[in-house]
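User: I should like to go through the assignments made for this structure one at a time. Please set each value against the criterion behind it.

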Amino acid sequence: QRAAADPVDLSFPRDFRWGCATAAYQIEGAVREDGRGQTNWDVFSHTPGKVANNDTGDVACDSYHRYRDDIALLKGLGVNSYRLSIAWSRIFPDGRGTPNAKGVDYYNRMIDGLLAAGIRPYVTMFHWDLPAALPGGWQNRDTAYAFADYAGFMAKTLSDRVQDVMTVNELACFTDLGHLRGIHAPGLQLPPAGVNQVRHHGVLAHGLGVQAIRAQARAGTRVGIADNIALHIPAIETAEHIAAAKRATRERNAMFLTAIMEGRYLDSYLAEQGAAAPKVQAGDMAAIGSPLDFVALNIYTPEWVRADDSAKGYAVIPHIASSPRMASPWLVVAPEVAYWGVRLVSDLWRPKTLYVSENGASADDPVTGGRVDDVDRIMYLRNYLGQFRRAVAEGYPLKGYFLWSLMDNFEWADGYGKRFGIHYVDFKTQRRTPKLSAAWYKEVIRRNTIV
Ligand code: PNW
(Lines give C-alpha, C1' and ligand atoms only; values in the text may rest on other atoms or scores of the structure.)
Protein backbone atom coordinates (compact mmCIF):
# COMPACT_ATOMS: atom_id res chain seq x y z
CA GLN A 1 0.00 0.00 0.00
CA ARG A 2 1.11 3.51 -0.81
CA ALA A 3 1.99 6.01 1.89
CA ALA A 4 0.49 8.87 -0.06
CA ALA A 5 -1.77 9.38 -3.04
CA ASP A 6 -0.14 10.15 -6.37
CA PRO A 7 0.30 13.89 -6.75
CA VAL A 8 -2.30 15.48 -9.00
CA ASP A 9 -0.90 16.17 -12.46
CA LEU A 10 -1.02 19.95 -12.86
CA SER A 11 1.06 20.13 -16.04
CA PHE A 12 -0.03 21.90 -19.22
CA PRO A 13 0.13 20.62 -22.80
CA ARG A 14 3.60 20.73 -24.31
CA ASP A 15 2.73 23.37 -26.93
CA PHE A 16 0.91 25.64 -24.45
CA ARG A 17 1.48 29.37 -25.04
CA TRP A 18 2.72 31.18 -21.94
CA GLY A 19 2.80 34.95 -22.18
CA CYS A 20 2.28 38.36 -20.65
CA ALA A 21 0.03 41.13 -21.90
CA THR A 22 0.28 44.91 -22.12
CA ALA A 23 -1.41 47.71 -24.07
CA ALA A 24 0.07 50.65 -25.95
CA TYR A 25 -1.39 53.60 -24.05
CA GLN A 26 -0.69 51.95 -20.70
CA ILE A 27 3.06 51.49 -21.28
CA GLU A 28 4.45 53.46 -24.22
CA GLY A 29 4.46 57.14 -23.22
CA ALA A 30 6.11 59.32 -25.91
CA VAL A 31 2.69 60.66 -26.79
CA ARG A 32 3.97 63.52 -28.93
CA GLU A 33 6.84 61.69 -30.57
CA ASP A 34 7.49 60.71 -34.18
CA GLY A 35 4.19 62.04 -35.46
CA ARG A 36 1.81 60.19 -33.13
CA GLY A 37 -1.66 61.75 -33.22
CA GLN A 38 -3.69 62.66 -30.16
CA THR A 39 -6.10 60.06 -28.78
CA ASN A 40 -9.29 60.15 -26.74
CA TRP A 41 -7.25 58.97 -23.74
CA ASP A 42 -4.80 61.87 -24.07
CA VAL A 43 -7.77 64.23 -24.00
CA PHE A 44 -9.49 62.40 -21.15
CA SER A 45 -6.44 62.00 -18.92
CA HIS A 46 -5.60 65.69 -19.38
CA THR A 47 -9.08 66.71 -18.28
CA PRO A 48 -8.74 67.47 -14.56
CA GLY A 49 -10.62 65.11 -12.28
CA LYS A 50 -11.06 62.24 -14.72
CA VAL A 51 -8.11 60.03 -13.69
CA ALA A 52 -6.94 59.38 -10.14
CA ASN A 53 -4.23 61.84 -9.12
CA ASN A 54 -4.69 63.42 -12.58
CA ASP A 55 -2.20 60.88 -13.89
CA THR A 56 -1.72 60.67 -17.67
CA GLY A 57 -0.10 58.26 -20.11
CA ASP A 58 2.37 60.93 -21.27
CA VAL A 59 5.35 58.94 -19.98
CA ALA A 60 3.85 55.73 -18.56
CA CYS A 61 6.59 53.02 -18.61
CA ASP A 62 8.41 54.88 -21.40
CA SER A 63 8.29 51.67 -23.41
CA TYR A 64 8.47 53.62 -26.65
CA HIS A 65 12.12 54.18 -25.75
CA ARG A 66 12.67 51.17 -23.51
CA TYR A 67 11.09 48.40 -25.53
CA ARG A 68 14.40 46.54 -25.56
CA ASP A 69 14.25 46.45 -21.76
CA ASP A 70 10.71 45.06 -21.98
CA ILE A 71 11.85 42.32 -24.33
CA ALA A 72 14.65 41.53 -21.88
CA LEU A 73 12.09 41.19 -19.08
CA LEU A 74 10.08 38.79 -21.23
CA LYS A 75 13.19 36.80 -22.01
CA GLY A 76 14.02 36.67 -18.33
CA LEU A 77 10.63 35.10 -17.64
CA GLY A 78 11.05 32.53 -20.38
CA VAL A 79 7.68 33.26 -21.98
CA ASN A 80 7.16 32.00 -25.51
CA SER A 81 4.51 34.64 -26.34
CA TYR A 82 3.72 38.32 -25.76
CA ARG A 83 0.47 40.15 -26.27
CA LEU A 84 0.91 43.81 -27.19
CA SER A 85 -1.32 46.41 -28.79
CA ILE A 86 -0.66 48.84 -31.61
CA ALA A 87 -1.33 52.53 -31.11
CA TRP A 88 -3.62 53.34 -34.03
CA SER A 89 -2.63 57.02 -33.83
CA ARG A 90 1.06 56.21 -34.37
CA ILE A 91 0.13 54.58 -37.68
CA PHE A 92 -2.62 56.98 -38.76
CA PRO A 93 -2.28 60.13 -36.61
CA ASP A 94 -5.73 61.34 -37.71
CA GLY A 95 -7.25 57.85 -37.69
CA ARG A 96 -7.13 57.52 -41.48
CA GLY A 97 -5.16 58.78 -44.45
CA THR A 98 -1.46 58.29 -45.09
CA PRO A 99 0.46 55.92 -42.83
CA ASN A 100 3.15 57.44 -40.65
CA ALA A 101 6.41 55.61 -41.43
CA LYS A 102 7.97 56.35 -38.04
CA GLY A 103 5.06 54.75 -36.23
CA VAL A 104 5.23 51.69 -38.43
CA ASP A 105 8.99 51.48 -37.83
CA TYR A 106 8.51 51.36 -34.08
CA TYR A 107 6.32 48.26 -34.30
CA ASN A 108 8.62 46.69 -36.87
CA ARG A 109 11.52 47.05 -34.44
CA MET A 110 9.39 45.73 -31.59
CA ILE A 111 8.22 42.66 -33.54
CA ASP A 112 11.70 41.94 -34.87
CA GLY A 113 13.07 42.18 -31.34
CA LEU A 114 10.49 39.75 -30.03
CA LEU A 115 11.15 37.24 -32.80
CA ALA A 116 14.90 37.51 -32.26
CA ALA A 117 14.23 36.65 -28.61
CA GLY A 118 12.18 33.61 -29.63
CA ILE A 119 8.88 35.17 -28.51
CA ARG A 120 5.72 34.93 -30.63
CA PRO A 121 3.82 38.23 -30.87
CA TYR A 122 0.04 38.35 -30.43
CA VAL A 123 -1.06 41.73 -31.69
CA THR A 124 -4.20 43.60 -30.61
CA MET A 125 -5.20 46.29 -33.10
CA PHE A 126 -7.27 48.42 -30.73
CA HIS A 127 -6.89 48.62 -26.98
CA TRP A 128 -8.95 51.78 -26.38
CA ASP A 129 -6.64 54.57 -27.61
CA LEU A 130 -8.85 56.04 -30.34
CA PRO A 131 -7.45 58.77 -32.61
CA ALA A 132 -9.10 61.98 -31.38
CA ALA A 133 -9.41 63.36 -34.90
CA LEU A 134 -12.12 60.85 -35.85
CA PRO A 135 -15.31 62.93 -35.68
CA GLY A 136 -17.80 61.62 -33.15
CA GLY A 137 -15.56 58.74 -32.09
CA TRP A 138 -17.48 55.51 -31.57
CA GLN A 139 -20.81 57.34 -31.88
CA ASN A 140 -20.03 57.66 -35.58
CA ARG A 141 -20.45 54.59 -37.75
CA ASP A 142 -17.56 55.80 -39.94
CA THR A 143 -15.15 54.97 -37.12
CA ALA A 144 -15.84 51.27 -37.70
CA TYR A 145 -14.75 51.64 -41.34
CA ALA A 146 -11.69 53.66 -40.35
CA PHE A 147 -10.76 50.89 -37.93
CA ALA A 148 -11.07 48.24 -40.62
CA ASP A 149 -8.82 50.21 -42.97
CA TYR A 150 -6.21 50.66 -40.26
CA ALA A 151 -6.40 47.04 -39.07
CA GLY A 152 -6.13 45.71 -42.61
CA PHE A 153 -3.14 47.91 -43.35
CA MET A 154 -1.35 46.98 -40.14
CA ALA A 155 -2.05 43.26 -40.43
CA LYS A 156 -0.65 43.35 -43.95
CA THR A 157 2.41 45.30 -42.83
CA LEU A 158 3.23 42.81 -40.06
CA SER A 159 1.92 39.76 -41.86
CA ASP A 160 5.29 38.28 -42.78
CA ARG A 161 6.08 38.02 -39.05
CA VAL A 162 2.83 38.16 -37.08
CA GLN A 163 0.44 35.23 -37.36
CA ASP A 164 -1.94 35.97 -34.50
CA VAL A 165 -4.09 39.09 -34.52
CA MET A 166 -6.83 40.29 -32.18
CA THR A 167 -9.14 42.98 -33.50
CA VAL A 168 -10.28 44.85 -30.39
CA ASN A 169 -9.89 44.56 -26.64
CA GLU A 170 -12.90 44.42 -24.35
CA LEU A 171 -15.97 45.72 -26.13
CA ALA A 172 -17.84 46.46 -22.92
CA CYS A 173 -15.05 48.67 -21.61
CA PHE A 174 -14.54 51.01 -24.55
CA THR A 175 -18.29 51.20 -25.22
CA ASP A 176 -20.06 51.13 -21.86
CA LEU A 177 -17.38 52.48 -19.52
CA GLY A 178 -16.80 55.39 -21.91
CA HIS A 179 -20.36 56.10 -23.09
CA LEU A 180 -22.73 54.81 -20.40
CA ARG A 181 -20.89 55.10 -17.09
CA GLY A 182 -18.58 57.87 -18.28
CA ILE A 183 -15.60 56.69 -16.22
CA HIS A 184 -13.37 56.02 -19.26
CA ALA A 185 -12.70 58.15 -22.34
CA PRO A 186 -14.62 59.95 -23.76
CA GLY A 187 -16.46 60.28 -20.43
CA LEU A 188 -20.02 60.34 -21.77
CA GLN A 189 -23.27 59.17 -20.21
CA LEU A 190 -25.52 58.60 -23.20
CA PRO A 191 -29.15 57.47 -23.13
CA PRO A 192 -29.82 53.79 -24.00
CA ALA A 193 -30.24 54.27 -27.76
CA GLY A 194 -26.91 56.09 -27.95
CA VAL A 195 -25.16 53.40 -25.91
CA ASN A 196 -26.59 50.62 -28.05
CA GLN A 197 -25.46 52.39 -31.21
CA VAL A 198 -21.92 52.73 -29.83
CA ARG A 199 -21.97 49.02 -28.96
CA HIS A 200 -23.11 48.22 -32.48
CA HIS A 201 -20.29 50.29 -33.96
CA GLY A 202 -17.89 48.40 -31.69
CA VAL A 203 -18.92 44.94 -32.88
CA LEU A 204 -19.15 46.24 -36.44
CA ALA A 205 -15.57 47.53 -36.22
CA HIS A 206 -14.52 44.08 -35.06
CA GLY A 207 -16.37 42.37 -37.93
CA LEU A 208 -15.19 44.74 -40.65
CA GLY A 209 -11.73 44.43 -39.11
CA VAL A 210 -11.80 40.64 -39.44
CA GLN A 211 -12.77 40.97 -43.10
CA ALA A 212 -10.07 43.56 -43.82
CA ILE A 213 -7.39 41.52 -42.05
CA ARG A 214 -8.36 38.38 -43.96
CA ALA A 215 -8.32 40.34 -47.23
CA GLN A 216 -4.91 41.91 -46.65
CA ALA A 217 -2.84 39.64 -44.42
CA ARG A 218 -1.13 36.46 -45.59
CA ALA A 219 -3.18 33.30 -45.77
CA GLY A 220 -2.81 31.46 -42.48
CA THR A 221 -3.05 34.59 -40.33
CA ARG A 222 -5.19 33.70 -37.35
CA VAL A 223 -7.77 36.29 -36.35
CA GLY A 224 -9.71 36.59 -33.11
CA ILE A 225 -10.95 39.00 -30.48
CA ALA A 226 -9.92 39.68 -26.88
CA ASP A 227 -13.12 40.22 -24.97
CA ASN A 228 -14.09 40.56 -21.34
CA ILE A 229 -17.50 38.99 -21.58
CA ALA A 230 -19.87 38.93 -18.62
CA LEU A 231 -18.70 35.69 -16.98
CA HIS A 232 -20.80 33.41 -14.84
CA ILE A 233 -20.25 30.66 -12.33
CA PRO A 234 -23.09 28.27 -11.51
CA ALA A 235 -23.76 28.63 -7.80
CA ILE A 236 -23.88 24.84 -7.44
CA GLU A 237 -22.41 22.40 -9.91
CA THR A 238 -25.66 20.71 -10.88
CA ALA A 239 -27.35 20.47 -14.26
CA GLU A 240 -29.99 23.10 -13.52
CA HIS A 241 -27.56 25.73 -12.23
CA ILE A 242 -25.07 25.03 -15.02
CA ALA A 243 -27.86 25.53 -17.56
CA ALA A 244 -28.76 28.80 -15.83
CA ALA A 245 -25.16 30.07 -16.01
CA LYS A 246 -24.95 29.06 -19.66
CA ARG A 247 -28.15 30.89 -20.47
CA ALA A 248 -26.99 33.98 -18.56
CA THR A 249 -23.72 33.96 -20.50
CA ARG A 250 -25.52 33.88 -23.83
CA GLU A 251 -28.16 36.48 -22.98
CA ARG A 252 -26.06 38.94 -21.01
CA ASN A 253 -23.49 39.16 -23.81
CA ALA A 254 -26.15 39.57 -26.50
CA MET A 255 -24.80 42.92 -27.70
CA PHE A 256 -21.20 41.69 -27.84
CA LEU A 257 -19.76 38.16 -28.09
CA THR A 258 -23.10 36.45 -28.66
CA ALA A 259 -23.72 38.68 -31.70
CA ILE A 260 -20.22 37.92 -32.96
CA MET A 261 -20.47 34.16 -32.51
CA GLU A 262 -24.05 33.84 -33.82
CA GLY A 263 -24.09 36.66 -36.41
CA ARG A 264 -27.32 38.07 -35.05
CA TYR A 265 -28.76 39.91 -32.11
CA LEU A 266 -30.94 37.71 -29.90
CA ASP A 267 -34.65 38.46 -30.18
CA SER A 268 -34.79 38.80 -26.41
CA TYR A 269 -32.16 41.57 -26.54
CA LEU A 270 -33.94 43.44 -29.33
CA ALA A 271 -37.29 43.12 -27.56
CA GLU A 272 -35.80 44.30 -24.26
CA GLN A 273 -34.25 47.38 -25.89
CA GLY A 274 -37.37 48.21 -27.91
CA ALA A 275 -37.04 51.64 -29.53
CA ALA A 276 -33.50 51.94 -28.16
CA ALA A 277 -32.28 48.90 -30.14
CA PRO A 278 -29.32 49.62 -32.43
CA LYS A 279 -29.88 50.71 -36.02
CA VAL A 280 -28.47 47.95 -38.17
CA GLN A 281 -27.71 48.23 -41.88
CA ALA A 282 -27.78 45.48 -44.50
CA GLY A 283 -24.63 43.39 -44.30
CA ASP A 284 -23.73 44.44 -40.76
CA MET A 285 -24.65 41.17 -39.07
CA ALA A 286 -22.81 39.07 -41.66
CA ALA A 287 -19.67 41.12 -41.05
CA ILE A 288 -20.11 40.94 -37.26
CA GLY A 289 -20.52 37.17 -37.48
CA SER A 290 -17.36 36.64 -39.56
CA PRO A 291 -15.84 33.29 -38.55
CA LEU A 292 -12.91 33.54 -36.14
CA ASP A 293 -9.84 31.38 -35.71
CA PHE A 294 -9.88 31.83 -31.97
CA VAL A 295 -11.68 33.51 -29.12
CA ALA A 296 -9.62 35.09 -26.36
CA LEU A 297 -11.08 35.94 -22.97
CA ASN A 298 -9.93 38.46 -20.40
CA ILE A 299 -10.81 36.70 -17.19
CA TYR A 300 -11.10 38.57 -13.91
CA THR A 301 -14.39 39.05 -12.08
CA PRO A 302 -17.46 36.85 -12.64
CA GLU A 303 -20.91 36.83 -11.27
CA TRP A 304 -22.57 33.87 -9.57
CA VAL A 305 -25.76 32.59 -11.10
CA ARG A 306 -28.50 30.33 -9.82
CA ALA A 307 -31.49 28.75 -11.48
CA ASP A 308 -34.85 30.08 -10.39
CA ASP A 309 -38.53 30.27 -11.41
CA SER A 310 -38.38 33.72 -13.03
CA ALA A 311 -39.20 34.19 -16.71
CA LYS A 312 -35.49 34.17 -17.54
CA GLY A 313 -34.93 31.04 -15.49
CA TYR A 314 -31.89 32.44 -13.71
CA ALA A 315 -30.84 35.05 -11.19
CA VAL A 316 -27.50 36.87 -10.94
CA ILE A 317 -26.38 37.01 -7.34
CA PRO A 318 -24.91 40.41 -6.37
CA HIS A 319 -21.45 40.65 -4.88
CA ILE A 320 -21.49 41.60 -1.23
CA ALA A 321 -19.12 43.67 0.90
CA SER A 322 -17.41 40.55 2.23
CA SER A 323 -16.72 39.06 -1.22
CA PRO A 324 -12.92 38.70 -1.40
CA ARG A 325 -11.27 41.33 -3.55
CA MET A 326 -7.83 42.35 -4.72
CA ALA A 327 -6.73 46.01 -4.66
CA SER A 328 -9.15 47.19 -7.36
CA PRO A 329 -12.67 47.35 -5.88
CA TRP A 330 -14.14 45.62 -8.94
CA LEU A 331 -11.65 42.75 -8.80
CA VAL A 332 -13.51 40.04 -6.91
CA VAL A 333 -11.52 36.85 -6.38
CA ALA A 334 -13.38 33.83 -7.77
CA PRO A 335 -10.92 31.35 -9.33
CA GLU A 336 -13.67 28.99 -10.57
CA VAL A 337 -14.47 31.54 -13.27
CA ALA A 338 -11.29 30.44 -15.01
CA TYR A 339 -12.85 27.03 -15.56
CA TRP A 340 -16.43 28.17 -16.16
CA GLY A 341 -15.47 30.99 -18.49
CA VAL A 342 -13.66 28.58 -20.79
CA ARG A 343 -16.26 25.83 -20.45
CA LEU A 344 -19.39 27.90 -21.02
CA VAL A 345 -17.97 29.75 -24.04
CA SER A 346 -16.87 26.39 -25.47
CA ASP A 347 -20.20 24.72 -24.81
CA LEU A 348 -22.16 27.63 -26.29
CA TRP A 349 -20.18 28.32 -29.45
CA ARG A 350 -17.50 25.62 -29.90
CA PRO A 351 -14.61 27.90 -30.88
CA LYS A 352 -11.71 25.92 -32.36
CA THR A 353 -9.22 27.59 -30.07
CA LEU A 354 -9.46 29.62 -26.89
CA TYR A 355 -6.90 31.82 -25.19
CA VAL A 356 -6.86 33.66 -21.94
CA SER A 357 -5.78 37.05 -23.26
CA GLU A 358 -5.63 38.54 -19.76
CA ASN A 359 -5.72 37.39 -16.18
CA GLY A 360 -4.01 39.04 -13.26
CA ALA A 361 -4.48 41.12 -10.17
CA SER A 362 -3.78 44.45 -8.53
CA ALA A 363 -2.23 44.34 -5.09
CA ASP A 364 -0.84 46.86 -2.60
CA ASP A 365 2.65 45.60 -3.26
CA PRO A 366 4.85 45.65 -0.19
CA VAL A 367 8.21 47.20 -1.12
CA THR A 368 10.74 46.20 1.50
CA GLY A 369 14.48 46.52 1.08
CA GLY A 370 14.12 46.71 -2.68
CA ARG A 371 12.03 43.51 -2.80
CA VAL A 372 8.37 43.06 -3.59
CA ASP A 373 7.18 39.80 -2.07
CA ASP A 374 3.70 39.86 -3.59
CA VAL A 375 2.38 36.59 -2.23
CA ASP A 376 -1.26 37.67 -2.59
CA ARG A 377 -0.78 38.00 -6.34
CA ILE A 378 0.88 34.58 -6.45
CA MET A 379 -2.05 33.11 -4.55
CA TYR A 380 -4.50 34.71 -6.94
CA LEU A 381 -2.67 33.55 -10.07
CA ARG A 382 -2.04 30.04 -8.79
CA ASN A 383 -5.69 29.53 -7.99
CA TYR A 384 -6.89 30.80 -11.36
CA LEU A 385 -4.30 28.65 -13.15
CA GLY A 386 -5.55 25.60 -11.29
CA GLN A 387 -9.00 26.16 -12.72
CA PHE A 388 -7.65 26.71 -16.23
CA ARG A 389 -5.83 23.42 -15.79
CA ARG A 390 -9.15 21.75 -15.02
CA ALA A 391 -10.57 23.09 -18.30
CA VAL A 392 -7.57 21.70 -20.20
CA ALA A 393 -7.93 18.33 -18.45
CA GLU A 394 -11.55 18.13 -19.55
CA GLY A 395 -10.56 18.69 -23.16
CA TYR A 396 -11.58 22.31 -23.70
CA PRO A 397 -9.40 23.88 -26.42
CA LEU A 398 -7.49 26.34 -24.23
CA LYS A 399 -4.14 26.91 -25.92
CA GLY A 400 -2.50 29.76 -24.05
CA TYR A 401 -2.45 32.16 -21.13
CA PHE A 402 -1.39 35.82 -21.06
CA LEU A 403 -0.76 37.25 -17.63
CA TRP A 404 -1.84 40.86 -17.08
CA SER A 405 0.60 42.40 -16.78
CA LEU A 406 4.28 42.25 -17.62
CA MET A 407 4.84 45.33 -15.47
CA ASP A 408 3.00 48.01 -13.50
CA ASN A 409 1.48 50.55 -15.88
CA PHE A 410 -1.15 53.24 -16.42
CA GLU A 411 -4.25 51.58 -15.04
CA TRP A 412 -6.76 53.80 -16.88
CA ALA A 413 -9.02 55.76 -14.51
CA ASP A 414 -6.97 54.49 -11.55
CA GLY A 415 -3.79 56.04 -12.96
CA TYR A 416 -0.59 54.63 -11.48
CA GLY A 417 -2.30 53.94 -8.16
CA LYS A 418 -3.20 50.34 -8.98
CA ARG A 419 -0.37 47.96 -9.81
CA PHE A 420 -1.00 44.81 -11.87
CA GLY A 421 2.58 44.04 -12.88
CA ILE A 422 4.78 41.09 -12.03
CA HIS A 423 7.61 43.57 -12.48
CA TYR A 424 7.59 46.59 -10.22
CA VAL A 425 8.07 49.91 -12.01
CA ASP A 426 9.50 52.91 -10.18
CA PHE A 427 7.80 55.64 -12.19
CA LYS A 428 10.41 58.22 -11.16
CA THR A 429 13.41 56.28 -12.46
CA GLN A 430 11.63 53.79 -14.78
CA ARG A 431 13.57 51.05 -13.05
CA ARG A 432 11.87 47.67 -13.44
CA THR A 433 12.29 45.09 -10.67
CA PRO A 434 10.93 41.55 -10.77
CA LYS A 435 8.42 40.91 -8.00
CA LEU A 436 8.31 37.51 -6.32
CA SER A 437 5.42 36.70 -8.69
CA ALA A 438 7.81 37.03 -11.64
CA ALA A 439 10.07 34.36 -10.12
CA TRP A 440 6.98 32.22 -9.53
CA TYR A 441 5.70 32.64 -13.11
CA LYS A 442 9.15 31.84 -14.49
CA GLU A 443 9.10 28.57 -12.61
CA VAL A 444 5.58 27.74 -13.82
CA ILE A 445 6.73 28.27 -17.39
CA ARG A 446 10.03 26.42 -16.97
CA ARG A 447 8.31 23.33 -15.60
CA ASN A 448 5.11 23.80 -17.59
CA THR A 449 3.11 23.08 -14.48
CA ILE A 450 1.59 24.89 -11.53
CA VAL A 451 4.08 25.44 -8.73
C1 PNW B 1 -8.74 45.18 -18.45
N2 PNW B 1 -14.10 45.60 -14.85
O3 PNW B 1 -9.64 46.16 -18.04
C4 PNW B 1 -7.97 45.85 -19.57
O5 PNW B 1 -7.97 45.14 -20.78
C6 PNW B 1 -6.60 46.26 -19.20
O7 PNW B 1 -6.17 47.28 -20.05
C8 PNW B 1 -6.59 46.64 -17.74
O9 PNW B 1 -5.41 47.27 -17.34
C10 PNW B 1 -6.84 45.37 -16.95
O11 PNW B 1 -8.02 44.73 -17.36
C12 PNW B 1 -6.93 45.60 -15.46
O13 PNW B 1 -7.96 46.48 -15.16
C14 PNW B 1 -10.71 45.94 -17.22
O15 PNW B 1 -14.55 46.64 -14.29
C16 PNW B 1 -11.21 47.05 -16.55
O17 PNW B 1 -14.64 44.46 -14.67
C18 PNW B 1 -12.33 46.93 -15.77
C19 PNW B 1 -12.97 45.70 -15.66
C20 PNW B 1 -12.47 44.59 -16.31
C21 PNW B 1 -11.34 44.72 -17.08
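User: What makes the pair formed by W412 and the ligand a polar contact?

Analyst: The model is a predicted one. In it, a polar side-chain atom of W412 is placed 2.8 Å from an oxygen atom of the ligand. A polar contact requires a pair of N or O atoms within 3.5 Å, so the pair qualifies. The protein covers 87% of the 450 Å² of accessible area that the ligand has on its own.

User: How do you know that H127 and E358 also make polar contacts with the ligand?

Analyst: For H127, a polar side-chain atom lies 2.8 Å from an oxygen atom of the ligand. For E358, the distance from a polar side-chain atom to a ligand oxygen atom is 2.8 Å. The cut-off is 3.5 Å, and therefore each pair counts as a polar contact.

User: Which residues come nearest to the ligand, and how is the shell around it divided?

Analyst: There are 13 residues around the ligand, and Q26, H127, E358, E411 and W412 come nearest. By class, the shell comprises 6 nonpolar, 4 polar and 3 charged residues. The space that the ligand takes is the largest pocket.

User: Why is N409 called buried?

Analyst: N409 has a relative accessibility of 3%. The term buried applies under 20%, so N409 meets the criterion. N409 belongs to the loop between β13 (398–404) and β14 (423–426).

User: What makes the pair of N409 and M407 a polar contact?

Analyst: A polar atom of the N409 side chain is 3.2 Å from the backbone oxygen of M407. The limit for a polar contact is 3.5 Å, so the distance satisfies it.

User: What is notable about the peptide bond from W404 to S405, and where is S405?

Analyst: The bond from W404 to S405 is cis, with omega near 10 degrees. S405 is located in the loop between β13 and β14. Another cis peptide bond runs from A185 to P186, with omega near 5 degrees. P186 is in the loop between α7 (171–179) and α8 (192–216).

User: Why are cis bonds singled out?

Analyst: They are singled out because most peptide bonds are trans.

User: What makes the phi values of A30 and A60 worth listing?

Analyst: Phi of A30 is near 50 degrees, a positive value in a residue other than glycine. The phi of A60 is likewise positive and near 50 degrees, again in a residue other than glycine. Such values are listed because most residues other than glycine have a negative phi.

User: Where are A30 and A60, and are they buried or exposed?

Analyst: A30 sits in the loop between α1 (24–27) and α2 (40–45). Its relative accessibility is 8%, under the 20% limit, so A30 is buried. A60 is found in the loop between α2 and α3 (63–77). With a relative accessible area of 3%, A60 is therefore buried by the 20% criterion.

User: How do you know whether M154 is buried or exposed?

Analyst: M154 has 0% relative accessibility, which is under 20%, so M154 counts as buried. M154 is part of helix α6 (residues 142–158). Its C-alpha atom is 9.1 Å from that of W88, a residue 66 positions away in sequence.

User: Why is L266 called buried, and where does L266 lie?

Analyst: At 4% relative accessibility, L266 is under the 20% limit and is therefore buried. L266 lies in the loop between α10 (257–262) and α11 (267–273). The C-alpha atoms of L266 and M255 are separated by 8.3 Å, with their positions 11 residues apart along the chain counted as the separation.

How values were computed
Residues numbered from 1 in each chain as written. Predicted model: local features only at pLDDT ≥ 70, side-chain atom pairs only at ≥ 80, totals over all residues. Heavy atoms only, no water. Near = heavy atom within 4 Å. Polar contact = N/O pair within 3.5 Å; in protein donor to acceptor, adjacent residues only side chain to side chain. Areas by Shrake-Rupley, 256 points an atom, 1.4 Å probe, with all protein chains shown as cover. 1 Å grid on protein atoms, 1.4 Å probe; cavity = no way out; pocket = protein on both sides within 12 Å on 5 of 7 lines; lining within 4 Å. Sits in = over half its atoms within 2 Å of the grid points. Nonpolar A, V, L, I, M, F, W, Y, C, P; charged D, E, K, R; others polar. Helix = DSSP H or I, 4+ residues; strand = E, 2+ residues; numbered from the N terminus. Buried < 20%, exposed > 50% of the residue type's maximum accessible area, 1.4 Å probe, protein only.
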